[in-house]
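Here's a quick walk through this one, starting with an aromatic residue and working outward. Have the 3D view open as you read.

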Amino acid sequence: MPKRQTNKFKHLIDIYENKKVINELDETTYKFEKIKSIYAEIIPQTGNLQKQQADTILTNVTHKIIVRYLSGKDVTKDMQILFRGHRFEIKYILNPYFKNETLEIFCQELMN
């Protein structure tokens with residue numbers, strides 16, 4: 001298998017972690033906070049758009065985001081990715097062939 005070209009990692013993505021926060025009423029809530037930015041390759045996989053009742057639109061857009069192993073080894077399934085105003089929920093993470101060169105992060109785009 002040929003080596004991955006490093007110039008493919010041209011998109012700067014932000015990684016957000018769900019952190020515990022204490023609000024003004026002394027209640028514990030959770031909020032996504034940016035923890036780091038890394039370079040990645042973003043590959044659209046599939047798309048699905050469904051029209052529901054009352055003009056509600058349900059989407060299921062799946063992407064594969066590839067990052068260098070050392071940059072993304074602390075990324076977990078509980079985190080989210082933000083790229084140019086698009087927010088992605090992480091579904092699962094693969095380390096291809098267990099080579100510790102790249103990670104493939106499979107995501108679903110969240111619609112606001």
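## The aromatic pair

F106 is buried, at a relative accessible area of 13%. Keep in mind that this is a predicted model.

What does a search of the whole structure turn up in the way of aromatic pairs? Just one, and it is made by Y92 and F106. The two rings are stacked, sitting 4.7 Å apart centre to centre with 20° between the planes. Y92 belongs to strand β7 (residues 86-94) and F106 to strand β8 (residues 102-110), so the pair ties together parts that are 14 residues apart in sequence. Unlike F106, which is buried, Y92 is partly exposed, with a relative accessible area of 41%.

## Around H63

F106 also turns up among the residues touched by H63. You'll find H63 in strand β5 (residues 62-68). Is H63 buried or exposed? Its relative accessibility is 9%, and the cut-off for buried is under 20%, so H63 counts as buried.

Leaving aside residues up to four places away in sequence, H63 touches I42, I43, P44 and Q45, along with F88, I105, F106, C107 and E109.

## The barrel

How do the strands come together? Six of them make a closed barrel in the order β1-β2-β5-β8-β7-β6, with antiparallel pairing. On average, neighbouring strands of this sheet are turned by 45° against each other, direction ignored.

Take β1 (residues 11-22) and β2 (residues 28-46) as one example: they pair in the antiparallel sense over 12 bridges. If you want a spot to look at there, I13 stands opposite I38 in β2.

## A charge over a ring

There's also a side-chain arrangement involving an arginine and a tyrosine. The charged end of R87 sits over the ring of Y16, 5.0 Å from the ring's centre.

## The whole chain

Zooming out, the protein chain has one helix and eight strands, which run β-β-β-β-β-α-β-β-β from the N terminus on. The chain has 112 residues, and 30% of them count as buried. Looking at contacts between residues at least 6 apart in sequence, 50% join residues at least 24 apart.

And how confident is the predictor, going by pLDDT? The chain averages 85, and 80% of the residues score at least 70. Among the elements, strand β6 (residues 80-83) has the highest mean pLDDT, 96, while strand β4 (residues 57-59) has the lowest, 52.

Methods. Residues numbered from 1 in each chain as written. Heavy atoms only, no water. Helix = DSSP H or I, 4+ residues; strand = E, 2+ residues; numbered from the N terminus. Buried < 20%, exposed > 50% of the residue type's maximum accessible area, 1.4 Å probe, protein only. Contact = heavy atoms within 4.5 Å. Pairing = 2+ DSSP bridges. Axes fitted to C-alpha atoms, helices over the stretch in contact; angles between N-to-C directions. Phe/Tyr/Trp six-rings, centres within 6.5 Å; stacked < 30°, edge-to-face > 60°. Lys NZ or Arg CZ within 6 Å of the ring centre and 35° of its normal. pLDDT = per-residue confidence, 0-100.
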